[in-house]
Amino acid sequence: MSARRGARADLPAVLAQWDEWLSTATDRLMSLDERVTAVGDDLPDHARASLDVAAAFLCRKAIGTRVDAIRADPGQAVALSAQPVTDDHGAAVAADLSTAAALLGGILDRVETAVVGAESAHATLATDRTAAGADLAVAERLAGELGHYVQRCAAARARADAAGRAPGEWRALAVEAAALRIELERIDGVRRTSFERWRALPTTLEALRTREAEVRDTVESVRSKVEPVPVLAVPSVDALGAVRPVEELEAMPWPAARVAMEPFLLRVDRLGAAFDEVATRFSAVLERRNELRGLLHAFRDKAGGSGLAEDATLEPLLRAAEQELWSAPCNVDAAAELVQSYTDAVNAAIVARTPAAGSVGGFGRSRDGRDGRGGGR
C-alpha cells in the first residue's frame, strides 16, 4: 500500500515531465514540418520526409492521448503506461508509452538530419549561384571593355543559363567566374595604371630631361678630373620619340593600345635606371681618387708620427703620388700604384726603426752572452 501511495505522490511530477517533453517535441515537429516544406525538392527523398512528418504527428497525438488518460485516472498510471499505444483508429503505434516516445524521437532525428543536409546544400547552392552571377556580370563587362576572354565569358554564361539547380555545376561555375573576374580585374588594373602613367608623361619626361642634364654635367666634371672613366654613353630623352596623344590610345581596343604603350613606358623606366647607372659608375671613379688622397695623407701623418717626415727615401714617393693625385685629369690606376708604393715604404721604414725585441734602454745581449758594452757575463 505504501508503495502505491509513493507512486501516486510522484505522479504529478511525472506528468509534468511528460507535458514538458511533449511541448518540446511538438515545437520541434512543427518546425520540421515548415522546414521540410521550405527545402522541398532539395531533400534527397522529399516523399519519405513528408511521410515521416505525418507519422510523427500521429505518434505525438497518440502519446498525448495516453498521457491525458493517465492524468484522468491516476490509479491506472502503471497499467496505462505499459499498454500498447494506438491511434484514433485503434491501429498499434508502439508497444507501450516509453517505446512510443522513443519512436517519436527517432523519427524527428531522422527528418532533422535530412533537412539539415538539404538546407546546407540549398545554402551552398544559393551562395554559389549568387557569387557566380555577380562575378560573371563583372567579368562580362570587363571582357567587353578590354577585348580579353570574351569567348570564355560567353561559354560560362551559356552554362549558367543551363545549370538549373545542379549544385556541382554551380560550384564549378562559381570557381571559374571568380577566376575570370580576378584575371580581368588584373588586366584592367594594368590598363588603368598604363593610362595614368601616359597622362603623366609630360611631367615624367621633363623630370628625366632635368636628370639627363645633371648626369651630363657629372660626366663632364668627372672626365675633367680623373681617368680612365667608364665607357658609357649618356642616353637621351629625345631619343624616345614623340608621345602619342592619350585620346588616340583610349579610342583603340585595349590589346592594341597596350602594344603601343608598353614598349614606350618600358623604355621610360629603363631610361631613368640608365641615368642612375651612368652617374654611379662615373662618380665611383672620382670617389676612388678621393679615397686615395685620404689614404696618402693618412700615411704621411703616420710617417710623421714615427719621425719619418723628412725621410729621404719616403719623400720622393710621397711627392710622386701627390703629383698624380692632384693633377687633372688624374690617372687613378697609376695613382693607386704610387700610393701603394708609398704606404708599403712607410710601413717598412717604421718596422726598420722599431727596437729589436728584448732590448732594454738601448742595450741588449748578443747571442754569445756578452752585453752590448763588450763585457762578459
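## Asp 128 and Val 116 in helix α4

In this predicted model, Asp 128 has a relative accessibility of 5% and therefore counts as buried, the cut-off being under 20%. The residue belongs to helix α4. Beyond its neighbours up to four places away in sequence, Asp 128 touches Trp 170, Arg 171 and Ala 174.

Val 116 is also placed in helix α4. With a relative accessibility of 42%, Val 116 counts as partly exposed, because this value falls between the 20% limit for buried and the 50% limit for exposed. Val 116 and Gly 168 are 52 residues apart along the chain, and 19 Å separates their C-alpha atoms.

## Nonpolar cores

The largest nonpolar core is made up of 55 residues. Trp 198, Leu 314 and Tyr 342 have the most contacts inside it. At least two residues of this core come from each of the helices α4 (97-146), α6 (167-199), α7 (201-225), α8 (246-250), α9 (254-305), α10 (314-325) and α11 (332-353). Helix α9 gives the largest share, 17 residues. A second core, of 32 residues, lies apart from this one. Its members include Leu 32, Ala 77, Leu 97 and Val 115. In soluble globular proteins, nonpolar side chains tend to be buried together.

Leu 314 gives a view of the contacts of one residue in the largest core. Leaving aside neighbours within four places in sequence, Leu 314 is in contact with Ala 303, Leu 308, Tyr 342, Ala 345, Val 346 and Ala 349. Tyr 342, one of these partners, is itself among the residues with the most contacts inside the core.

## Aromatic pairs

The count of aromatic pairs comes to three. One of them is formed by Phe 195 and Trp 254, with 5.9 Å from centre to centre and 50° between the planes. This pair is tilted, because an angle that is neither under 30 degrees nor over 60 is classed that way. Phe 195 lies in helix α6 and Trp 254 in helix α9, so the pair ties together parts that are 59 residues apart in sequence.

Are the two partners buried or exposed? Phe 195 has a relative accessible area of 9% and is buried. Trp 254, at 3% relative accessibility, counts as buried too.

## A charge over a ring

Arg 152 and Tyr 149 show another kind of arrangement involving an aromatic ring. The charged end of Arg 152 sits over the ring of Tyr 149, at 5.0 Å from the ring centre.

Technical notes: Residues numbered from 1 in each chain as written. Predicted model: local features only at pLDDT ≥ 70, side-chain atom pairs only at ≥ 80, totals over all residues. Heavy atoms only, no water. Core = buried A, V, L, I, M, F, W, Y, C linked by side-chain atoms within 4.5 Å. Buried < 20%, exposed > 50% of the residue type's maximum accessible area, 1.4 Å probe, protein only. Helix = DSSP H or I, 4+ residues; strand = E, 2+ residues; numbered from the N terminus. Contact = heavy atoms within 4.5 Å. Phe/Tyr/Trp six-rings, centres within 6.5 Å; stacked < 30°, edge-to-face > 60°. Lys NZ or Arg CZ within 6 Å of the ring centre and 35° of its normal.
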